[in-house]
Amino acid sequence: MNLAYKWIYSEVKQVPQDLLEIAGSEIIAELLLNRGIDTLQKAKSFLNAESLPLTPNNIINDMEKAVERINAAIETQEHIVIYGDFDADGVTSTSLLYKCLRHIGANASFYIPDRADEGHGLNSASVCKLISSKQARLIITVDCGISNVAEVKLAKGFGTDVIITDHHEPHDIVPDAYAIVNPKVAEEENEVKYLAGVGVAYKLACCLLDHHNKTEYSNELSHLVTIGTIADLVPLIDENRILVAKGLKLIQEKKPPAIAKLFELAGYKDDKIVSGEMIAFGIAPRINAIGRLESAELAVSLLVSEDKEEIDNISKTLNHNNRLRQQMCHDTFLEADQKLLSENLLEKDKAIILSDSSWHPGIIGIVASKLVEKYYRPTFLICIDNDTKEGRCSARSIEGLNLHDTLTIHSDYFTRFGGHALAAGFSFDLNKVSFKKLKENLNNTINQNLKPESLKRTIKIEKNIELSDLTVEFIESLRRLAPFGEGNPQPIFSITGLILKQYKTIGAANNHLRIFLESDNNIIEAVWWQRGAIDIKPSEKVDVAFIPELNTFGGKIRVQLVIKDIKKSDNQSDSGVDTTSKIQWIDYRNGITDKQKLVDCIKSNNDVAMYVEDSNSIKELKTKDYLKQRLISRTTCKKINQLVIYDLPPDKAVFDNILAAVEPKVIHFVGKKSQEQEPSLIIKLLSGMLKYAYTHKAGEVGLNILAEKLFISEKSVLIAIKLLEKAGIVNLIENKSAKIKFEFKGSSNLGEIVSMEEYQEYLASLKESTDFRNKLMLKDIEEIKKLFYTEEKNLVEV
């Protein structure tokens with residue numbers, strides 16, 4: 001099985017002058033453009049997130065109703081129970097709301113279910129216990145509750161109100177709660193849809209503090225919302241970016257006692273700069289560790305405590321649990337990996353689905369993530385309780401398979417389920433469905449819906465740079481883009497043609513590498529975490545993909561590369577190998593090669609695909625039975641030995657991506673000349689496509705889909721959409737480079753577009769595609785081959 005990365009470079013974009021000025025350098029400006037930050041105002045907001053105002057606290061549905069009910073409970077001193085969850089998001093949510101309620105005079109306590117015995121969310125036994133023994137008159141859930149229809153009904157029957165604060169995806173039927181504060185329940189789009197559970201709890205807390213004229217206390221909660229948001233891996237964009245940026249600044253200025261202790265345990269005591277990476281890899285795992293192996297209420301007690309002795313005692317337990325968790329994860333991973341290989345699952349199905357009665361439910365999610373990292377397959381790990389006849393699963397996925405959508409299809413099998421696109425979980429009754437049947441049905445769905453190309457591991461590289469670019473000043477300037485996380489990853493760069501001088505293993509288990517690379521007699525050090533060896537010999541030339549960082553060990557500042565991938569350079573200077581010969585090109589233009597040979601080749605081989613996108617070409621070729629199943633486009637191409645370039649792609653980026661996805665050994669170059677469409681007709685067709693997407697796809701569509709259907713470049717599509725926006729036909733809500741979200745207003749103003757000044761930019765982009773296609777039709781085949789081997793070294797993988 002090929003687990004090599006496919007390197008995908010960001011599209012090179014022209015940098016506007018005003019963006020260059022605020023960015024300070026060409027590279028930083030390009031990184032902003034890669035993140036959709038393409039105007040001066042967007043750049044100012046992105047680079048100064050900590051100074052931006054947050055959205056109104058009552059922006060989420062039912063917020064005012066929830067605040068009114070909580071204030072009524074405070075006034076009569078009803079007992080309020082905060083019902084949390086045992087992961088870092090749930091723990092910080094519980095801690096945050098508890099601190100807030102106590103600060104404004106509420107009679108409040110908290111409860112977090114046991115991971116092993118109770119699982120996620122409300123459960124009937126706990127609800128009854130809280131009402132009967134603790135006299136709970138109001139239950140407020142944090143980071144859970146949106147799927148607990150029966151449990152909320154039960155509480156309501158006892159006269160106890162339930163307020164749900166959650167951020168997970170709602171099912172078709174939501175609980176009949178007193179109030180549901182969840183940004184994902186709203187039908188209309190909102191600016192806080194990506195909030196973590198702790199983010200939702202924070203908005204509620206701020207509303208309460210505002211009502212009690214104690215808004216200054218929100219700063220005392222900021223560190224908790226920061227930790228929980230980073231830990232839950234929600235996108236660090238929009239409101240989340242502002243929350244985390246503000247929180248990191250406050251943590252850096254002054255850490256509360258419990259947070260200071262966690263930083264000390266993680267080895268960050270003397271670090272002057274607090275980063276999101278410290279929280280993600282040092283703080284969050286320690287908070288999670290308690291809830292994985294015992295009651296997470298201990299973690300809440302730590303985070304709300306001001307007592308040094310209590311903090312020290314709990315911290316010792318926390319650190320012990322973290323070490324124990326690491327060992328259990330290691331052992332379970334080895335067991336699962338051996339089970340996977342012995343059952344030969346990777347050859348039969350696209351997903352990994354395993355079960356065992358000895359696995360601990362608290363750590364199977366981590367192990368599932370490690371299996372995804374190793375094999376790049378959606379992974380479902382299930383612990384079986386033979387006494388209760390219950391199976392409990394933690395699942396992790398890859399891009400291309402939405403777990404929540406997948407589980408929804410099979411929801412009849414589950415006693416409960418929930419989660420997100422890339423992480424989810426469920427429980428099921430073994431008396432009603434066997435593991436074998438459940439596994440079979442899940443595999444059938446995944447095998448059908450997960451495209452083969454989605455199983456290809458990719459690495460997105462921002463830019464190829466030179467070793468001379470890696471200065472201390474440059475790496476410090478990258479911090480302006482922080483905080484990094486989901487939705488705003490740390491920039492990955494590449495350098496090509498370095499010489500691998502030597503490498504050695506480091507770490508107690510010898511499972512990391514320290515690597516020394518050379519260019520023009522300059523040596524640079526690199527580390528590759530969780531990698532024990534590489535199959536490249538010293539003195540060979542290599543291309544490296546990496547994140548640059550500053551190593552301050554020993555008081556000296558030096559540049560270091562954190563390696564993400566290494567591969568042999570395509571043009572080893574001493575090999576004498578012509579890399580252009582790795583793909584055989586056969587030219588059919590102008591009768592150079594008899595096209596009947598191509599027909600015979602297709603008819604006699606199953607490993608030939610034909611790139612076609614022009615609607616006229618598709619209509620013509622689909623009449624031939626031997627071609628019907630061979631046609632591919634830029635969005636459906638997959639690995640195959642022989643590729644026919646029938647239509648000419650609109651630009652080099654599309655051609656590059658096709659070759660990278662297909663990895664052909666032979667290219668049959670036909671290069672049919674396509675009839676150019678009237679530019680205004682293309683915009684009319686685009687308007688119709690957007691209207692359909694708004695009606696049937698909730699106003700979301702990929703730029704590549706639109707570009708493919710119109711047989712133009714994504715650049716032309718984006719310019720055309722902006723023309724439609726200026727004409728008032730669409731309102732562009734979100735542009736994330738690969739996908740747009742919009743509102744369709746109506747197409748009555750289409751005729752105005754041709755007279756707009758920006759229409760000339762649109763025509764120029766179409767002409768760029770025409771010129772590129774003409775070059776492909778007229779150039780000698782050797783010149784065309786050079787287009788794809790001089791710069792784009794990722795096209796022929798080692």
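These are my notebook entries on the overall build of one predicted chain and on its nonpolar cores.

Before starting, I noted that this is a predicted model, in which local features need pLDDT of at least 70 and side-chain atom pairs count only at pLDDT 80 or more, while totals for chains, interfaces and linings use all residues. I also noted that residues are numbered from 1 along each chain as its sequence is written, and that side-chain values use heavy atoms, with hydrogens and water left out.

**Overall build**

I looked up the secondary structure and found 26 helices and 26 strands, where helices (H or I, at least four residues) and strands (E, at least two) are DSSP runs numbered from the N terminus. The radius of gyration is 28 Å, close to the 28 Å that the globule rule gives for 798 residues, so the chain is as compact as a globular protein of that length; the radius is taken over C-alpha atoms, and the rule is 2.2 Å times the number of residues to the power 0.38.

I then checked burial, and buried residues make up 53% of the 798 residues, with buried meaning under 20% relative accessible area (1.4 Å probe, protein chains only).

**Nonpolar cores**

I next looked for nonpolar cores, which are sets of buried Ala, Val, Leu, Ile, Met, Phe, Trp, Tyr and Cys residues joined through side-chain atoms within 4.5 Å. The largest has 74 residues, and Leu96 and Phe263 are among those with the most contacts inside it, a contact being heavy atoms within 4.5 Å. Helix H8 (residues 197-211) gives this core its largest share, ten residues. A second, separate core of 41 residues includes Val15 and Leu500.

Methods. Buried < 20%, exposed > 50% of the residue type's maximum accessible area, 1.4 Å probe, protein only.
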